[in-house]
Amino acid sequence: MVRVEGWDQATGTALVDPKRGALRAVTGYEDFSHLERADQVVAAVPGAGWRVHWTDEGPGGTPLTEQVLAWLITSQGRATAITVDAQGHVEDADGADAFIPPGESPVS
């Protein structure tokens, strides 16, 4: 995955610069499959005590609650919670069932 740096004015093809120092059409890559719109992350804000909860993502389909490590803020103003589990694995919490504010009890 690479960031689109520009667009060819004649063909409309996305142009990328994968550490070569020159823009190149994505269609020139043998393994190119598609483009996806992605918001650019412009800030990261500490989790500040927020937690996320899933009703059935724990061991054996049990409830699971994890700390929010940080909130990623995109150029479009979208905030995505990033969690860290007991083993230190980091991932987004887009599929969470609930967000728990600091000081509130977990969902029961």
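**Group meeting: contacts and strand pairing in a predicted model**

I'll start with Arg78, which has a relative accessible area of 43% and is therefore partly exposed. For that scale, buried means under 20% relative accessible area, exposed means over 50%, and partly exposed is what falls in between, with a 1.4 Å probe and protein chains only.

Before going on, the ground rules. This is a predicted model, in which local features need pLDDT of at least 70 and side-chain atom pairs count only at pLDDT 80 or more, while totals for chains, interfaces and linings use all residues. Residues are numbered from 1 along each chain as its sequence is written, and side-chain values use heavy atoms, with hydrogens and water left out.

Back to Arg78. What does the side chain of Arg78 meet in a salt bridge? The partner is Asp94, at 3.3 Å from N to O. A salt bridge here is a side-chain nitrogen of Lys or Arg within 4 Å of a carboxyl oxygen of Asp or Glu. Arg78 is in the loop between β6 and β7 (79-84), and Asp94 is in the loop between β8 (90-92) and β9, so the pair ties together parts that are 16 residues apart in sequence. Strands are DSSP runs of E with at least two residues, helices are runs of H or I with at least four, and both are numbered from the N terminus. Asp94 is partly exposed, at 47% relative accessible area.

How many salt bridges does the structure hold? There are 2. Glu5 and Arg3 form a salt bridge, with 3.9 Å between the closest N and O atoms. Glu5 is partly exposed because its relative accessibility is 46%.

Next, the sheet at the start of the chain. An open sheet is formed by 3 strands in the order β1-β2-β3, with antiparallel pairing. Two strands pair if DSSP finds at least two bridges between them. The edges are β1 (4-7) and β3, each of which pairs on one side only. Between β1 and β2 there are 3 bridges, and Val4 stands opposite Val16 in β2. The hairpin of these two strands, β1 and β2, has 6 residues between them, and there Gly12 takes a positive phi near 80°. On the other side, β2 (residues 14-16) pairs with β3 over 2 bridges, where Leu15 has Ala25 as its bridge partner in β3.

Val4 also belongs to a surface feature. Together with Trp7, Phe32 and Leu35, Val4 makes a nonpolar surface patch of about 370 Å². Patches take residues with over 30% relative accessible area and no salt bridge; like charges are joined within 9 Å and nonpolar side chains (Val, Leu, Ile, Met, Phe, Trp, Tyr) within 5 Å. The areas come from the Shrake-Rupley method with a 1.4 Å probe, and for residues only the protein chains shown count as cover. Leu35 sits in the loop between β3 and β4 and is partly exposed, at 43% relative accessibility.

His34 is in that loop too, between β3 (24-25) and β4 (41-46). Its relative accessible area is 47%, so His34 is partly exposed. Which side chains make polar contacts with His34? Ser33 does, at 2.7 Å, and so does Glu36, at 2.7 Å. A polar contact is a pair of N or O atoms within 3.5 Å; within protein, one must be able to donate a hydrogen and the other to accept it, and residues adjacent in sequence count only if both atoms are side-chain atoms. From His34 to His53 the C-alpha separation is 33 Å, with the two positions 19 residues apart in chain numbering.

His53 takes us to β5. Arg51 and His53 point one way from β5, Val52 and Trp54 point the other way, and all are buried. β5 and β6 run antiparallel and are joined by 4 bridges; Val52 has Glu66 as bridge partner in β6. β5 also pairs antiparallel with β9 (residues 98-100) over 3 bridges, with Arg51 matched to Ile100 in β9.

Last, the rings. The structure holds 2 aromatic pairs. Trp50 and Trp71 make an edge-to-face pair, 5.8 Å centre to centre with 90° between the planes. Trp50 lies in the loop between β4 and β5 (51-54) and Trp71 in β6 (residues 64-74), 21 residues apart. Rings of Phe, Tyr and Trp (its six-membered ring) pair if their centres lie within 6.5 Å; planes under 30 degrees apart count as stacked, over 60 as edge-to-face and the rest as tilted. Trp50 is partly exposed at 28% relative accessibility, whereas Trp71 is buried at 16%. Ring pairs link Trp50, Trp71 and Phe99 into a cluster.
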